[in-house]
Amino acid sequence: MKLTKLRFKNINSFYGEHPAIDFTVNPLASTGLFMISGATGAGKSTLLDVISLALFNQIPRFSVKSLNSKQIAANGSIINLIAAEEPQAEAYAEVEYEVKNVGYRSRWSISKNRNGGWREYNMEVAKLANDEIISTKKSDAPILNEELIGLKYNQFIQSIVLSQGNFAEFLKSSEKERSKLLEDITETHIYRKLGAAAFLKNKTAQEEIKNAEKALEHITLLSDEIRSEQQNMVTENEAKANDLKEKREGFQEQLNFKTQFEAALSGISKTKEKIAIWESESKTFKPELKKLELHAAVADLTKPI
């Protein structure tokens, strides 16, 4: 978040409407660091009040979480005392800021009704680029600003606005609270998550190493003599396996020969059956063959002369 402009009217000790404080023009634009100084009551805290009021409807000096018209009237503060006596008094606090190169404007305002009583305050948040109002519901505006800025009200006050007298309280915060706040400010949550993931992965790896070491304790290494004997057995078994392989190939050849021989025997048997059939048919046809032979012998005599 980067503050760019402040505008306000009738806030605390400042009466009337005042020129905008523009952080985008010199000398503020070119100043890396500057100090707000002045005597007590000069209005230093008012500038901080304007920022927190415009963004969150809260002021660090008050313990109230959300201001309303009744509290403003009862306390007689926040609104300039002179302006508060006017029948048509009004006041506002407005902040412009940038987040990731996008400009926003947040405005808090309040005014009196025709009876001289305070109306309820209003809040709105808008985008500066096209003056688009993105929130007009006063209860939603602080939440939207928190989401845009990335800090809740308490974190914002401790880190950005850190009002007078509260710095010591910040330093006295626990290490965990300060660490969380600095993470939110610098947006370094990812490094904490990466660190946690690395720690978990390392823890898992260490457990795996311990389990492997325990498993190794139950493994007995073989002596050179036993290892040599085992190697010889492996060599012998490999030789036997090769011998059996050769024998199996020989048996396969014999089996193939046997199959071929049985097929040949089957062929011979079928051939014999055919020969037996031919011989039987030949015996049956033999008398007819004799007649054909006699006919052939006298066939020439049947021709005319």
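How much area does the chain expose, and what share of it do carbon and sulfur atoms supply? The chain exposes about 22300 Å², and carbon and sulfur atoms supply 56% of that area (Shrake-Rupley method with a 1.4 Å probe). Here are some notes to help you find your way around.

1. First, the ground rules. This is a predicted model, in which local features need pLDDT of at least 70 and side-chain atom pairs count only at pLDDT 80 or more, while totals for chains, interfaces and linings use all residues. Residues are numbered from 1 along each chain as its sequence is written, and side-chain values use heavy atoms, with hydrogens and water left out.

2. The chain has nine helices and six strands; these are DSSP runs, numbered from the N terminus, with helices (H or I) of at least four residues and strands (E) of at least two. Of the 305 residues in the chain, 24% are buried, meaning under 20% relative accessible area with a 1.4 Å probe, protein chains only.

3. Now for the sheet. Six strands form an open sheet in the order β2-β1-β3-β4-β5-β6, with antiparallel pairing (two strands pair if DSSP finds at least two bridges between them). β2 (21–22) and β6 (132–135) stand at the edges with a single partner strand each, so one side of each has no neighbour in the sheet.

4. Do look at β4. Strand β3 (residues 90–99) and strand β4 (residues 102–111) pair in the antiparallel sense over ten bridges. Tyr97 has Tyr104 as its bridge partner in β4, and Ala93 stands opposite Trp108. The hairpin of these two strands has two residues between them, and Lys100 takes a positive phi near 55 degrees there. β4 also pairs with β5 over six antiparallel bridges, with Ser109 opposite Asn122 in β5. Seven of the ten residues of β4 are buried, so this strand is largely enclosed by the rest of the structure.

5. Two helices lie across the sheet strands. α1 crosses β1 (2–9), β2, β3, β4 and β5 (122–127), at about 80 degrees to β3, whereas α4 lies across β3, β4, β5 and β6, at about 35 degrees to β5.

6. Helix α1 (residues 44–56) and helix α4 (residues 141–149) also pack together, at an angle of about 105 degrees with axes 7 Å apart. That makes α1 roughly perpendicular to α4 (angles of 65 to 115 degrees). Ala54, Leu55 and Phe56 of α1 meet Ala141, Pro142, Asn145, Glu146 and Ile149 of α4, where contact means heavy atoms within 4.5 Å.

Notes: Axes fitted to C-alpha atoms, helices over the stretch in contact; angles between N-to-C directions. Parallel < 35°, antiparallel > 145°, perpendicular 65-115°, else oblique. Buried < 20%, exposed > 50% of the residue type's maximum accessible area, 1.4 Å probe, protein only.
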